[in-house]
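Reader: Could you take me through one part of this model up close? I'd like to start from a single residue and work outwards to whatever packs around it.

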Amino acid sequence: MTDRSPRLLPWTAPGGKPCYLFTDDDGGFLSRYADEVEALQLGMGLGLLEHARVLIDDPAADARQLRFLSVQLSAALRDAVRVAQARGAGVPAQVE
């Protein structure tokens with residue numbers, strides 16, 4: 001049996017607690033699903049960044065739109081940091 005570290009999953013349990021996967025099978029169903037969710041999260045973050053560039057450059061953008069954008073960017077950044085943590089990037093623990 002190998003001594004492997006648990007994998008931080010790209011979602012949380014109720015209450016915002018982190019979820020971990022303990023497995024010896026990187027190709028298992030849950031590992032593949034986590035990979036797909038991470039890719040989706042990062043892709044959505046990239047799309048949101050493009051939208052942000054357009055909205056920030058728009059002089060007609062109002063405070064409500066910019067506030068909504070900031071909430072969405074914050075969520076995308078949280079997801080990206082979680083992916084980096086899961087991949088062992090040495091990112092400090094998430095700030096609550």
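Author: Let's start with Ala34, which lies in helix H1. Helices here are DSSP runs of H or I with at least four residues, strands are runs of E with at least two, and both are numbered from the N terminus. A word on the ground rules: this is a predicted model, in which local features need pLDDT of at least 70 and side-chain atom pairs count only at pLDDT 80 or more, while totals for chains, interfaces and linings use all residues. Residues are numbered from 1 along each chain as its sequence is written, and side-chain values use heavy atoms, with hydrogens and water left out.

Back to Ala34: it is buried, with a relative accessible area of 0%. Buried means under 20% relative accessible area, exposed over 50%, and partly exposed in between, using a 1.4 Å probe and protein chains only. Leaving aside residues up to four places away in sequence, Ala34 touches Arg7, Leu9, Pro10 and Trp11; a contact means heavy atoms within 4.5 Å. Take Pro10: it sits 24 residues from Ala34 in sequence, yet their C-alpha atoms are 6.4 Å apart.

Another of those neighbours, Arg7, has its place in strand E1. Arg7 is buried too, with a relative accessible area of 18%. Its side chain makes a polar contact of 3.4 Å with that of Glu38. For that term, think of a pair of N or O atoms within 3.5 Å; within protein, one must be able to donate a hydrogen and the other to accept it, and residues adjacent in sequence count only if both atoms are side-chain atoms. Again setting aside residues up to four places away, Arg7 touches Cys19, Tyr20, Leu21, Ser31, Ala34, Asp35 and Glu38.

Now zoom out to H1 as a whole. Its buried residues are Ser31, Ala34, Val37, Glu38, Gln41, Gly45, Leu48, Ala52 and Leu55, and what covers them includes E1, E2 and H2. An α-helix has 3.6 residues a turn, so residues three or four places apart point the same way. With 28 residues at 1.5 Å each, H1 should span 40 Å, and its end C-alpha atoms are indeed 40 Å apart; the expected span is 1.5 Å times one less than the number of residues.

So what does H1 meet in H2? Glu38, Gln41, Leu42, Gly45, Leu48, Leu49, His51, Ala52, Leu55 and Ile56 of H1 face a set in H2 that includes Leu66, Leu69, Leu73, Ala76 and Val83. The two axes come within 9 Å and cross at roughly 145°; axes are lines fitted to C-alpha atoms, for helices over the stretch in contact, with angles from 0 to 180 degrees between N-to-C directions.

H2 itself covers residues 63-86, and its 24 residues should span 34 Å, which agrees with the 34 Å between its end C-alpha atoms. At its start, a side-chain oxygen of Asp62 reaches to within 3.2 Å of the backbone nitrogen of Arg64. After H2 comes Gly88, with a positive phi near 75°. Buried in H2 are Leu69, Ala76, Asp79, Arg82, Val83 and Gln85, and these pack against E1, E2 and H1.

For the overall setting, the elements of the chain run β-β-α-α from the N terminus, and buried residues make up 24% of its 96 residues.
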